[in-house]
Every structure is written in C-alpha cells, then in structure tokens.
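Please open the model in a viewer and keep the sequence panel visible. The tour below proposes a series of selections and states what is found at each stop.

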Amino acid sequence: MQSRAVELLVGFFVCLGIAAIFILTMRVSNLADTSDVNGGYTVIAAFDNIGGLKVGAPVNLAGVRVGRVADITLNQQTYRAEARLRIGEEYKLPKDSDASVLTSGLLGEQYVGIGPGGSLKNMQDGDEFIITQGAVVLENLIGQFMTSMGSDNSSGGGGSSGNGGGQNALPAP
C-alpha cells in the first residue's frame, strides 16, 4: 500500500515538472503572449527587406510593446513586404512616425520599432507609414566587410618598402 502512495507521489511530481518545463518554454519563446491586441487599429508598414520578422512579433515604441505584427504579405506591384501592425487603442501614433525592423541583441528575435513623429494628427485604421527602414541582414554586412578588406589589401599601398631598418625612403626625382 505504501509503495502505491510513493508511485502516485512520484507521478504527481513528474507531471508538475513537465508542466513547469512547458510554461518555461512558452515564456522563453515568447509564444505565451502572442494574443492579438484587444481593440486597437491596424496600420501598414512596407519594407524592402523584413529579414526574419514573423507574425506575432512585438511592435515597440520607446521600448514599450504597443502592438504585434498581425500579418505579412508581399505586394505584387512594388515587390515590397507589407506588415500589418495591430496597435492597441490606448496608443496614439503621430501620422509622421517611422517604422524599422530591428533585432534585439546581436542574434535575437526581430521586432518592429516605431519612432514617433511630431505631427498633431494621429494614425487611423488602415494608414501606412511613409518612412520605413528594412532589416539589416548580418550576412550582407559580413559580405561588405570582406569585400572592403579585400580591396584594401589589393590597393598596393601596404607592405614594407624593403629599404631596411624602417628608414624613410625618398622618392626618386
């Protein structure tokens, strides 16, 4: 009888452990907070490159989450990615605000950062951001760095002059 009670107790703690791991996983992966913003309005931001931005990614203003990415589509006429951002009704964005795809940390998740403008008029449902900045792709930056390093080495200006002892050589007349 006591063996059965121990087995039930162990099973209970195993279930608690699995539930704790599940909750921790949801919190770390940011999936626990992907619910739509209640009420609110939708605005559109068109980007040349959204990188790894996903539906459900946060929309931040001054570090505060004001909404979520509701949908991402490709505009067939402009070939730009259009992100529909669901903004909470309690947050009012000036019409001349800008939107950027940013990355939290060096290799963290991507989100949309909003820079507030100075307009006295606020964005309404269906409005579009005029100024946007797409994602900075790490591979492109590394490629540009490698290309610039390669062109610096092949310019012919580097290396030693071979005149011995580090003395300055005078140009020939």
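Select S100 first: this residue is buried, with a relative accessible area of 10%, where buried means under 20% relative accessible area, exposed over 50% and partly exposed in between (1.4 Å probe, protein chains only). S100 is found in strand β5; helices (H or I, at least four residues) and strands (E, at least two) are DSSP runs, numbered from the N terminus. Now display the surroundings of S100. Leaving aside neighbours within four places in sequence, S100 is in contact with F47, Y111, V112, G113 and Q133, a contact being heavy atoms within 4.5 Å.

A note on the model is due here. It is a predicted model, in which local features need pLDDT of at least 70 and side-chain atom pairs count only at pLDDT 80 or more, while totals for chains, interfaces and linings use all residues. Residues are numbered from 1 along each chain as its sequence is written, and side-chain values use heavy atoms, with hydrogens and water left out.

**The whole chain**

Colour the protein chain by pLDDT, the predictor's confidence in each residue, from 0 to 100. The average is 80, and 79% of the residues score at least 70. Over residues 157-169 the pLDDT is below 50, and this stretch has two contacts in the model beyond near neighbours in sequence.

Switch to a cartoon view. The protein chain has two helices and seven strands, and along the sequence these follow the pattern α-β-β-β-β-β-β-β-α. Of its 173 residues, 24% count as buried.

**The sheet**

Select the strands. In what order do the seven strands lie in the open sheet? The order is β1-β4-β3-β2-β6-β5-β7, with mixed pairing; two strands pair if DSSP finds at least two bridges between them. At the edges are β1 (41-47) and β7 (131-133), each of which pairs on one side only. Neighbouring strands of this sheet are turned by 30° against each other on average, direction ignored; the axes are lines fitted to C-alpha atoms, for helices over the stretch in contact, and angles run from 0 to 180 degrees between N-to-C directions.

Next, isolate β3 (residues 64-75) and β4 (residues 80-87). These strands run antiparallel and are joined by eight bridges. One place to look is G67, whose bridge partner in β4 is I87.

Add β1 to the selection. Seven bridges join β1 to β4, and the two run antiparallel; A46 stands opposite E82 in β4. Are the residues of β1 mostly covered or uncovered? Seven of the seven residues of β1 are buried. Y41, V43, A45 and F47 point one way from this strand, whereas T42, I44 and A46 point the other way.

**A83 and the core**

Stay in β4 and select A83, which lies in that strand. A83 is buried, with a relative accessible area of 0%. Apart from neighbours within four places in sequence, A83 is in contact with V43, I44, A45, F47, V69, D71 and I72. A distance label between the C-alpha atoms of A83 and T73, ten residues apart along the chain, should read 6.6 Å.

From A83, move to V69. Not counting residues up to four places away in sequence, V69 touches ten named partners in the viewer's list, among them L53, V59, A83, L85 and V112. V69 also belongs to the residues with the most contacts inside the largest nonpolar core, together with V59, L85, I87, L93 and F129. This core has 23 residues; a nonpolar core is a set of buried Ala, Val, Leu, Ile, Met, Phe, Trp, Tyr and Cys residues joined through side-chain atoms within 4.5 Å. β1, β2 (58-61), β3, β4, β5 (98-103) and β6 (110-115) each supply at least two residues of this core.

**Two loop residues**

Select A62, found in the loop between β2 and β3. A62 has a positive phi of about 55° although it is not a glycine, and A62 is exposed, with a relative accessible area of 75%. Then select Y79 in the loop between β3 and β4. Phi of Y79 is near 55°, a positive value in a residue other than glycine; Y79 is exposed, with a relative accessible area of 59%.

**An aromatic pair**

Finally, show the rings of F12 and F13. Rings of Phe, Tyr and Trp (its six-membered ring) pair if their centres lie within 6.5 Å, and planes under 30 degrees apart count as stacked, over 60 as edge-to-face and the rest as tilted. By this rule the count is one aromatic pair. F12 and F13 form this edge-to-face pair, at 5.7 Å centre to centre and 65° between the planes. Both F12 and F13 are exposed.
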